[in-house]
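Trainee: Could we go through this model together, with a reason given for each answer?

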Amino acid sequence: MIEDLIISEAKAIDSKFIWELRNEYSIREMMKETRLIDWEKHEEWFLNVLFNDNSHIYIGFFKNQPVAMVRFDLSKNFKQSFEISIAVKTKFQGIGIAKKLLKESIKTLSYKVNKGFQIISIIKKKNIKSIKFFEKYGFILIDQSKESFYYSLKI
């Protein structure tokens with residue numbers, strides 16, 4: 001079933017999907033910024049990120065519809081690191097989409113970056129699903145703050 005997942009680099013046409021995904025309640029709850037984002041602000045952010053060499057966004061398509069995205073942003077806080085953000089539409093969670101998206105997007109990023117780096121996942125402490133997901137994938141807890149855990153995976 002998950003074999004049907006196709007992953008591609010984000011394009012301008014994916015902006016609306018990412019905006020809708022970002023504004024889903026259960027996804028917003030686990031983000032740093034939990035309020036709804038309006039379309040104009042999103043569109044400006046998305047175009048800046050899309051054409052920025054320090055950011056890489058991939059979309060997961062399941063049965064020809066966009067269902068997930070993963071973004072890697074060059075970290076300002078950790079050397080040779082990308083901070084990750086991953087989200088799957090609520091109704092498609094729990095069937096393995098995030099795992100395949102993560103695996104394939106890391107592989108693609110590795111080809112592009114072509115040198116050793118680490119991926120940092122900053123997870124709210126209340127986000128038990130994501131904590132388990134990243135630990136299961138091999139991310140190691142490296143630090144924490146009052147609200148978040150910091151996990152790392154060396155590539």
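**A buried lysine and its surroundings**

Mentor: Let us begin with K124, which is buried yet has no salt bridge, the nearest side chain of opposite charge being E147 at 5.5 Å. Please keep in mind throughout that this is a predicted model.

Trainee: Why does the pair of K124 and E147 not count as a salt bridge?

Mentor: Side chains of opposite charge can pair when their charged atoms come close. A salt bridge requires a side-chain nitrogen of Lys or Arg within 4 Å of a carboxyl oxygen of Asp or Glu. For K124, the nearest side chain of opposite charge, E147, is 5.5 Å away.

Trainee: Which backbone oxygen does the side chain of K124 reach at 2.8 Å?

Mentor: K124 lies in strand β5, residues 118–124, and among the residues in contact with K124, apart from sequence neighbours within four places, are E29, M30, M31 and K32. The backbone oxygen of E29 lies 3.2 Å from a polar atom of the K124 side chain. The backbone oxygen reached at 2.8 Å is that of M31.

Trainee: S148 is also in contact with K124; is S148 buried or exposed?

Mentor: S148 lies in strand β7, residues 148–154, and, leaving aside neighbours within four places in sequence, S148 is in contact with I122, I123, K124 and K125. Its relative accessible area is 13%, and the cut-off for buried is under 20%. S148 is therefore buried.

Trainee: K154 lies in β7 as well; what is the relative accessible area of K154?

Mentor: Not counting residues up to four places away in sequence, K154 touches F117 and Q118. The C-alpha atoms of K154 and E9, which are 145 residues apart along the chain, are separated by 22 Å. K154 is exposed, with a relative accessible area of 68%.

**Strand β2 and its hairpin**

Trainee: How many of the residues of β2 are buried?

Mentor: In a regular strand the side chains alternate between the two faces of the sheet. In β2, S55, I57, I59 and F61 point one way while H56, Y58, G60 and F62 point the other way, and all are buried. The strand is therefore largely enclosed by the rest of the structure, the count of buried residues being 8 of the 8.

Trainee: Over how many bridges do β2 and β3 pair?

Mentor: On the side of β1, residues 5–9, the strands β1 and β2 run antiparallel and are joined by 5 bridges, with I7 standing opposite G60. With β3 the pairing is again in the antiparallel sense, and F62 stands opposite Q65. The number of bridges between β2 and β3 is 8.

Trainee: Which residue in the loop between β2 and β3 has a phi near 65 degrees?

Mentor: Most residues other than glycine have a negative phi. In the hairpin of β2 and β3, which has 2 residues between the strands, K63 takes a positive phi near 55 degrees, and K63 is exposed at 56% relative accessible area. The other value, near 65 degrees, is also positive and belongs to a residue that counts as exposed at 72% relative accessibility, namely N64.

**Helix α5 and the salt bridges**

Trainee: Within what arc do the buried residues of α5 fall?

Mentor: The buried residues of α5, which spans residues 128–137, are I131, F133 and F134. Seen down the helix axis, these buried residues line one face, so the face turned away from them is the one carrying the exposed residues K129, K132 and K136. The buried residues pack against β4, α4, β5 and β7, and they fall within an arc of 165 degrees.

Trainee: How far apart in sequence are the parts that the salt bridge of K126 and E29 ties together?

Mentor: The side chains of K126 and E29 meet at 3.6 Å, N to O. K126 lies in the loop between β5 and α5, whereas E29 lies in the loop between α2 and α3, so the pair ties together parts separated in sequence by 97 residues.

Trainee: Which salt-bridge partner of R71 is buried at 19% relative accessible area?

Mentor: R71 counts as buried at 17% relative accessibility, and its side chain meets that of its partner at 2.6 Å, N to O. The partner is buried too, with a relative accessible area of 19%, and that residue is D73.

Technical notes: Residues numbered from 1 in each chain as written. Predicted model: local features only at pLDDT ≥ 70, side-chain atom pairs only at ≥ 80, totals over all residues. Heavy atoms only, no water. Helix = DSSP H or I, 4+ residues; strand = E, 2+ residues; numbered from the N terminus. Buried < 20%, exposed > 50% of the residue type's maximum accessible area, 1.4 Å probe, protein only. Lys, Arg positive; Asp, Glu negative; His and termini not counted. Polar contact = N/O pair within 3.5 Å; in protein donor to acceptor, adjacent residues only side chain to side chain. Contact = heavy atoms within 4.5 Å. Pairing = 2+ DSSP bridges. Arc of directions from axis to C-beta.
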